[in-house]
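Please load the model in your viewer, with secondary structure shown and residue labels ready to switch on. The stops below are meant to be taken in order, each beginning with a selection.

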Amino acid sequence: MKKILFVASESVPFIKTGGLADVVGSLPKNFNKEEYDCRVILPKYQCMNQKYVGQLEYVTHFYMNLAWRSQYVGVLKTEFEGITYYFIDNEYYFSGSKPYGDVCYDLEKFAFFSRAALSILPLIDFRPDIIHCHDWQTGLIPVFLKDTFAQGQFYQGIKSIMTIHNLKFQGIWDAKTVKDLAGLADYYFTPDKLLHYKDANFLKGGIVYADYVTTVSNTYAEEIKTPFYGETLDGLMRARSNCLFGIVNGIDYDAYNPETDTYIAQNYNIKNFRKEKIKNKRALQQQLGLEQDDRKFMIGLVSRLTSQKGLDLIQCVMDELCSDGVQFIVLGTGEEQYENMFRHYDWKYNNSVSANIYYSEELSHKIYASCDAFLMPSLFEPCGLSQLMSLRYGTVPIVRETGGLKDTVEPYNEYESKGTGFSFANYNAHEMLNTIRYAEHVYYNKKREWNKIIDRGMEADFSWNSSAKQYEELYSRLLGW
């Protein structure tokens, strides 16, 4: 039995701010239970989903040294969908209305969390073969494993994997402060270890010290070796390229299933979508106060509203797009300029643009089920989950060929009748507009071809099963058995 421990800063259903939580919540339960004992360690945030707080049972507590401080560590646990979750409790670090806040405070919080995650293992009687760390918040775990924990018999031989969900977020602060927070010796603060220019970098530490490094798509694994996508760590990614693997994320096929989804107005499947899917469009047009018209080409966008997501391209051509008579539905929050931009277009094109500047799980499902196309013109996209959800719901993705978008959306080829969506290569607003207009053309004038694109998209398998198999192979390779 291989023992695998996931350590992360968030996981559905307990706490979620982004795609990381979906991965940590879905991947462990997709391993073969007879071969793998997978468990997860999370922080016990005060702002976690209150529904689950009452289900946590007390395991133990103790005091742990973090540099010069002695800190309380409480351990609670629960079982959810066959997986054991442990929660590290400390009110000083994990209170507050959000899981993340001020960066310096977060660095101390996750230095504490990383050391505590390793410290509780003998007490919960679980010695993992591999600790699978996610993003910068757990970047110090591979470092600690090689530091003070290496002296303990219990920890010898434990392997570590560092998964990068988005290289842009690295956990950077001045070296003197980090040295003080983490209690690491000067030895670790050199350019070949944690030091990055003059600062200390949590993620870099994880990448340097982990046995393997993975990221969430093959294309992104290649892209981050280049200066444009490498976020100043491209040299390190090239140096570690023999241990760097790209495995595409999946989505939870039970949670995202048009046949059983309780959020949507009309359930449907690959056999009857031609007749039934349109009913969701009508219901959403009515709900959002858009013009009631089956023929209108409806485009959806569910996203964090940040510059990474290619929203400046949309800004460039939004007037031209609206002159085509399309309907455009946006859901998400983020940078003020983009929130206001979509509010402006909602005001200007009131019966054809709907800006929903908040987040709602229910509305996101309705958008995936109702729209004809789903737009993702990202500047970079490590994996992306929205395009996988739109494929699952028979909503045709229009994407820029980067990272996971390139790996998961096959561009439509009218001559060979292939493809599951539409894509463009350059980060250029009019190239995007031309691609959207080509999609409109197929939608209006070649309905049979359009429906075949939907068929192929709904048939594609982006469940966690295939990703889990690739992780299983990686684990076996790392352990040599």
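**First stop: an enclosed cavity**

Select helix H14 (386-392), strand E17 (396-400) and helix H17, each of which supplies at least two residues of the lining of the largest cavity. Helices (H or I, at least four residues) and strands (E, at least two) are DSSP runs, numbered from the N terminus. The model is predicted, so that local features need pLDDT of at least 70 and side-chain atom pairs count only at pLDDT 80 or more, while totals for chains, interfaces and linings use all residues. Residues are numbered from 1 along each chain as its sequence is written, and side-chain values use heavy atoms, with hydrogens and water left out.

A cavity is, on a 1 Å grid over the protein atoms alone, a set of points where a 1.4 Å probe fits but cannot get out, and lining residues have an atom within 4 Å of a point. A search of the whole structure finds 1 cavity of 30 Å³ or more, and the volume of the largest cavity is about 30 Å³, where grid points are joined across faces, edges and corners and a volume is the space filled by probe spheres set on the points. To display its lining, select Ser 390, Leu 391, Gly 394, Thr 395, Val 396, Pro 397, Thr 420, Ile 453, Ile 454 and Gly 457. H17 provides the largest share of this lining, 3 residues. By class the lining has 5 nonpolar, 5 polar and no charged residues, with Ala, Val, Leu, Ile, Met, Phe, Trp, Tyr, Cys and Pro counted as nonpolar, Asp, Glu, Lys and Arg as charged, and the others, Gly among them, as polar.

**Second stop: the parallel sheet**

Keep E17 selected and add its sheet, an open one of 6 strands in the order E15-E14-E13-E16-E17-E18, with parallel pairing. Two strands pair if DSSP finds at least two bridges between them. At the edges are strand E15 (353-356) and strand E18 (422-424), each of which pairs on one side only. From one strand to the next the twist averages 15 degrees. Strand E14 (residues 327-331) is joined to E15 by 4 parallel bridges, and Leu 331 has Asn 356 in E15 as its bridge partner.

Now show helix H11 (residues 311-323), which packs on the sheet and touches strand E13 (298-302), E14, E15, strand E16 (373-376) and E18, its direction making about 150 degrees with that of E14. Contact here means heavy atoms within 4.5 Å, and axes are lines fitted to C-alpha atoms, for helices over the stretch in contact, with angles running from 0 to 180 degrees between N-to-C directions. Helix H16 (residues 429-445) also packs on the sheet, touching E13, E16, E17 and E18, and its direction makes about 160 degrees with that of E18.

**Third stop: an open pocket**

Turn next to the second largest pocket, which holds about 260 Å³ of space; a pocket is an open set of grid points with protein on both sides within 12 Å along at least five of seven lines. Of its 15 lining residues, those closest to the centre are Arg 274, Ile 278, Asp 372, Tyr 443 and Lys 447. Helix H10 (273-288) and helix H17 (447-459) are the elements that give two or more residues to this lining, and H10 gives the most, with 5 residues. By class, the lining has 5 nonpolar, 3 polar and 7 charged residues.

**Fourth stop: an enclosed strand**

Which residues of E5 lie on each side of the strand? Select Ile 83, Tyr 85, Phe 87 and Asp 89 for one side and Thr 84, Tyr 86 and Ile 88 for the other, all of them buried (under 20% relative accessible area, with a 1.4 Å probe and protein chains only). Because 7 of the 7 residues of strand E5 (residues 83-89) are buried, the strand is largely enclosed by the rest of the structure.

Strand E2 (residues 36-43) pairs with E5 in the parallel sense over 5 bridges, and Arg 39 has Thr 84 as its bridge partner in E5. Strand E4 (residues 69-80) runs antiparallel to E5, joined to it by 7 bridges, with Val 75 opposite Ile 88. E4 and E5 form a hairpin with 2 residues between them, and Glu 81 in the turn has a positive phi of about 50 degrees.

**Last stop: the end of a helix**

Finally, select Leu 479, which is found in helix H18 (residues 464-479) and is buried, with a relative accessible area of 17%. Leu 479 touches Lys 2, Asp 129, Ile 130 and Lys 159, not counting residues up to four places away in sequence.

How values were computed
Buried means under 20% relative accessible area, exposed over 50%, partly exposed in between (1.4 Å probe, protein chains only).
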